[in-house]
Amino acid sequence: MDAPHTGFVADSLDRRIISALQIDGRASWHRIATALGEPERTVVRRGTRLLDSGLVRIGAMAVRGRSTVIGVRCAPGQARVVATALARRPDCAFAHVLTGTWDCVAEVQCPRDRLAGLVMDELPGLPGVVRTLTLPVLRHVRTIREWHAGLLTDAEIAALTDGTGAAPASADVSPAFDGVGELSRADRLLVHSLAEDGRCTFDELARVSGVSEATARRRLGALRRAGRVRVRAVIEPVLLGLPVESVLWVRAVPAEVDAVTAALADSPHVRYVSFLTGERQLLVLTAFPDEAALHDFVTRSPWLREAVSVDVSMVLGSLKRGGMLAPWLRD
């Protein structure tokens, strides 16, 4: 279950290229080179090497409904089995095995009219499950699509977007989408191709989906703006020098939740923040250079003054990130 050791070490330029891909996974190498102020040939060579290694993957995820976070307590020795079963669900966005009270945590996308079946039938039917916790997400504050570890300047980020720091017109805008309505056959083929390679060209998308290149470009833009499809770079945080991952379950003073979430989202170590139902309103996924930095974050951060409690779980292994299975689980 642990990620295989590759021996690959990303230097500072590699990490900046990775950060650029996290902002827009379909940005051209020319655009990335211009934004970073680096020779295009160097960016092409290094970026291609990162993608070919499989350590950085660009993929698309079709949005199937509103998000629900699931915590699972497993029978002894069954955490790997349960987490793998969750990860293999096509509606699963991420799945991690943890230390602490909950053996694994996952986020699935489920239309609200199907939530009862998920809670009462599907999850209890998984082999090895002892207890589940289901927490619908009321609001995403940050997801991995917005995280880039603070390695780029504001000017570089603006150059990769529309010059103002906002997402480009073709990028994902994350409106609430509840999975209503089926995609057309051409759109399904387009999304399937992007799931395998999020940087495939519009010409390739057109040939696979049986439409013109102009139509493929238009349809992808429309799907992303509508929140039906999300393109993201999926990486192991260790590549950015952040090998210590943890999950925080934060309970805040209700009137101070917005202040706490804003402070969390401002940290380059926070990869994901969502406001949930339940006793602890915030689920936070983090990555740090070492355990000392994690300790400082959960004991000395200013936002702790508005927090009632913070439970910390270490990530033992990740089986799915950004809707993409870990390489060793792919067929």
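This briefing walks through the cores, helices, salt bridges and cysteines of the structure above. Keep in mind that this is a predicted model. The largest nonpolar core has 44 residues, and a second, separate core has 21. The salt-bridge count comes to 18, while the disulfide count is zero.

**Nonpolar cores**

- Ile17, Leu21, Ile32, Val56, Leu190 and Leu205 have the most contacts inside the largest core, which holds 44 residues.
- Helix α1 gives this core its largest share, six residues.
- A second core, separate from that one, has 21 residues, including Val72, Ala87, Ala95 and Cys104.
- As background, nonpolar side chains tend to be buried together in soluble globular proteins.
- Take Leu21 as a sample from the big core: setting aside neighbours within four places in sequence, Leu21 is in contact with Trp29, Ile32, Leu51, Val56, Ile58, Arg199 and Ala233.

**Helix α2**

- Helix α2 runs over residues 29-36, and its buried residues are Trp29, Ile32, Ala33, Ala35 and Leu36.
- Those residues cover an arc of only 165° around the axis, so they sit on the same side of α2.
- What do they pack against? The partners of the buried α2 residues are α1 (12-23), α3 (40-53) and α6 (154-160).
- Right after α2 comes Gly37, which has a positive phi, near 70°.
- Ile32 ties a few of these threads together: Ile32 is one of the buried residues of α2, it is among the residues with the most contacts inside the largest core, and it is in contact with Leu21.

**Helix α7**

- Helix α7 (residues 185-196) has 12 residues and spans 17 Å from first C-alpha to last, close to the 16 Å expected at 1.5 Å a residue.
- Its buried residues are Asp187, Leu190, Val191, Ser193 and Leu194.
- Looking down the axis of α7, these buried residues fall within an arc of 160°, so they line one face of the helix.
- Arg185 and His192 are exposed, and they sit on the face of α7 turned away from its buried side.
- The buried residues of α7 pack against two strands and two helices, namely β1 (56-62), β6 (229-235), α8 (202-209) and α9 (213-225).
- Leu190, one of the buried residues of α7, is also listed among the residues with the most contacts inside the largest core.

**Salt bridges**

- Arg49 and Asp14 meet through their side chains in a salt bridge, at 3.1 Å from N to O.
- With Arg49 in helix α3 and Asp14 in helix α1, this pair ties together parts that are 35 residues apart in sequence.
- Are these two buried or exposed? Arg49 is partly exposed at 37% relative accessibility, whereas Asp14 is buried, at 1%.
- The pair also belongs to a wider network of salt bridges that links Asp11, Asp14, Arg46 and Arg49.
- Asp91 and Arg89 form another salt bridge, with their closest N and O atoms 2.9 Å apart, and both residues are buried.
- Asp311 and Arg280 also meet in a salt bridge, again with an N to O distance of 2.9 Å.
- Here Asp311 lies in strand β10 (residues 307-321) and Arg280 in the loop between β8 (270-276) and β9 (282-288), so the pair ties together parts 31 residues apart in sequence.
- Asp311 is partly exposed at 31% relative accessibility, and Arg280 is partly exposed too, at 26%.

**Leu283 in strand β9**

- Leu283 has its place in strand β9, and it counts as buried, at 0% relative accessibility.
- Not counting residues up to four places away in sequence, Leu283 touches Val69, Phe94, Val247, Leu248, Trp249, Tyr272, Val273, Ser274 and Leu276.
- One of those contacts, Tyr272, is 11 residues away from Leu283 in sequence and 7.8 Å away in space, C-alpha to C-alpha.

**Cysteines**

- The structure has zero disulfides.
- Cys74 is in no disulfide, and its nearest cysteine sulfur, that of Cys104, is 4.2 Å away; a disulfide would need the two sulfurs within 2.5 Å.
- Cys74 is buried with a relative accessible area of 10%, and Cys200 is buried at 6%.
- Cys104 is one of the residues of the second core.

Technical notes: Residues are numbered from 1 along each chain as its sequence is written. This is a predicted model: local features need pLDDT of at least 70, side-chain atom pairs count only at pLDDT 80 or more; totals for chains, interfaces and linings use all residues. Side-chain values use heavy atoms; hydrogens and water are left out. Buried means under 20% relative accessible area, exposed over 50%, partly exposed in between (1.4 Å probe, protein chains only). Helices (H or I, at least four residues) and strands (E, at least two) are DSSP runs, numbered from the N terminus. The arc is that of the directions from the helix axis to the C-beta atoms. Contact means heavy atoms within 4.5 Å. A nonpolar core is a set of buried Ala, Val, Leu, Ile, Met, Phe, Trp, Tyr and Cys residues joined through side-chain atoms within 4.5 Å. A salt bridge is a side-chain nitrogen of Lys or Arg within 4 Å of a carboxyl oxygen of Asp or Glu. The expected span of a helix is 1.5 Å times one less than its number of residues.
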